[in-house]
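Student: Can we talk through the charged pairs in this one? I'd like to see how each label gets its name.

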Amino acid sequence: MPDTALVRRARKVDRVLGETYPDAKCELDFDDPFQLLVVTVLSAQTTDKRVNKVRPVLFGAYPTPAAMAEADRAKLEEIVGPLGFFRAKTESLLKLSAALVERYDGEVPGRLDDLVTLPGVGRKTANVVLGNAFDVPGITVDTHFGRLVRRFGWTDETDPVKVEHAVGALFPKRDWTMLSHHVIWHGRRICHARKPACGACPVARWCPAYGEGPTDAAEAAKLVRAEGRA
Ligand code: SF4
């Protein structure tokens, strides 16, 4: 069991982050679970903004797993081209949509155990889909989340699954999805990997890593990104 002081501190930080980022949500646009699954896979090694730009054309051409599984490879490559790694990404989408058609009747399954069996879908992607398209609480351990929770002193773990369990134990399950958004938004806007804007940070007083970036208010203010970069 985690100690009470840590739980209290972690929940306070989450509350303040929630007040700081009242609009925090998944920054990828989607209309249904299939779209969210696909755009999450596509978001690897690129920004959510770029993926959001490609989305209308992609799903205009291939609105369902069945349509995408039958896609002409060259045409699909052209659509996902702006995202980089277009060959690998096209291959992932073809395999993923084929698996959905063959094994799940063209529907995205709503269980972690099923989602992670799909080609190219790891725990991180599965938790994004569960949390945001199915309302099943999930913790998304991406690079921002891992870095921040270690800075907050919530865990020392580096393995994403261990991080997920350690942080999950500090919060009620119903808070997991929003917690993920709050922490990731903070990582994208203020608590950067290099040079976190400590002097402009709303949770500085509860953060053992305060001072890892500039503490001077004016210097820190310059580092804050109004809009997150994925
Ligand atoms: S005080 Fe600095 S290291 Fe801690 S959360 Fe804020 S920006 Fe990140």
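Tutor: Sure, start with the rule: a salt bridge is a side-chain nitrogen of Lys or Arg within 4 Å of a carboxyl oxygen of Asp or Glu. Mind that this is a predicted model, where local features need pLDDT of at least 70, side-chain atom pairs count only at pLDDT 80 or more, and totals for chains, interfaces and linings use all residues. Residues are numbered from 1 along each chain as its sequence is written, and side-chain values use heavy atoms, with hydrogens and water left out.

Student: What makes R111 and D113 a salt bridge?

Tutor: Their closest N and O atoms are 3.5 Å apart, which is within 4 Å, so the pair qualifies.

Student: Why is R111 called partly exposed?

Tutor: Buried means under 20% relative accessible area, exposed over 50%, and partly exposed in between (1.4 Å probe, protein chains only). R111 has 46%, so partly exposed is the label.

Student: Which label does R151 get, buried or exposed?

Tutor: Buried, because its relative accessibility is 9%. R151 still forms a salt bridge with E212, at 3.1 Å between the closest N and O atoms. E212 itself is partly exposed at 48%.

Student: How do you know that E91 and R73 pair up?

Tutor: Their side chains meet at 2.7 Å, N to O, in a salt bridge. E91 is partly exposed at 27%, and R73 is partly exposed too, at 40%.

Student: How many salt bridges does the rule give?

Tutor: The count comes to 11. There's also a network of salt bridges linking E27, D48, R188 and R189.
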